[in-house]
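User: I am new to reading protein models and would like a close look at a single part. Could you walk me through one residue and then show me its surroundings?

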Amino acid sequence: MRVSRGDVVAVEDPFDGTETRPFVVVSTDDHPFHGEQYVALTLTTRTWYDGTIPLSDEDFVDGGVPDDSFVVPWGVASPGDEDIGARFGRMKSEIVDEAVDRLVTYLR
């Protein structure tokens with residue numbers, strides 16, 4: 001499945017490998033292997049993590065996630081196209097930009 005920046009997709013959970021979880025694709029078409037591999041941030045329903053970004057229905061261009069969810073800006077994965085399952089929707093660029101900005105602060 002070809003995906004774009006902002007798409008929220010199901011990916012096998014790299015943290016335990018037993019089930020899938022939603023991730024938001026944050027890489028752009030400039031990624032060296034776009035269309036084959038992506039940079040993505042995990043979503044969670046856990047409310048006790050400091051520094052997560054809460055999501056609402058207004059944060060989506062289309063679709064959404066079934067439960068109250070949060071972007072985890074430090075939860076980075078690099079799924080391949082073959083790892084990606086269902087598409088839940090697409091986030092607005094502003095929320096994706098905010099998540100990437102927070103991620104970058106952890107890397108400088």
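Is D7 buried or exposed, and what is its relative accessible area?

Analyst: Happy to help! First, this is a predicted model, in which local features need pLDDT of at least 70 and side-chain atom pairs count only at pLDDT 80 or more, while totals for chains, interfaces and linings use all residues. Residues are numbered from 1 along each chain as its sequence is written, and side-chain values use heavy atoms, with hydrogens and water left out.

Now to your residue. D7 is buried, with a relative accessible area of 2%. Here buried means under 20% relative accessible area, exposed means over 50%, and partly exposed is in between, using a 1.4 Å probe and protein chains only. D7 belongs to strand β1, which covers residues 7–12. Strands (E, at least two residues) and helices (H or I, at least four) are DSSP runs, numbered from the N terminus.

Next, the neighbours. The side chain of D7 makes a polar contact with the side chain of R90, at 2.8 Å. A polar contact is a pair of N or O atoms within 3.5 Å; within protein, one must be able to donate a hydrogen and the other to accept it, and residues adjacent in sequence count only if both atoms are side-chain atoms. Leaving out residues up to four places away in sequence, D7 touches F23, V24, V25, R87, G89 and R90, where contact means heavy atoms within 4.5 Å.

Two other residues make good companions to this one. T42, in strand β3 (residues 40–44), is buried with a relative accessible area of 4%. The side chain of T42 has a polar contact with the side chain of R21, at 2.7 Å. A99 sits in helix α1 (residues 93–107) and is buried too, with a relative accessible area of 1%. Beyond residues up to four places away in sequence, A99 touches L41, I53, V71 and P73. The C-alpha atoms of A99 and D59 are 12 Å apart, and these residues are separated by 40 residues along the chain.

Finally, step back to the whole chain. The protein chain has one helix and seven strands, and along the sequence they follow the pattern β-β-β-β-β-β-β-α. Of its 108 residues, 43% count as buried. Among contacts between residues at least 6 apart in sequence, 63% join residues at least 24 apart. Along its principal axes, the C-alpha trace spans about 30 × 30 × 30 Å.
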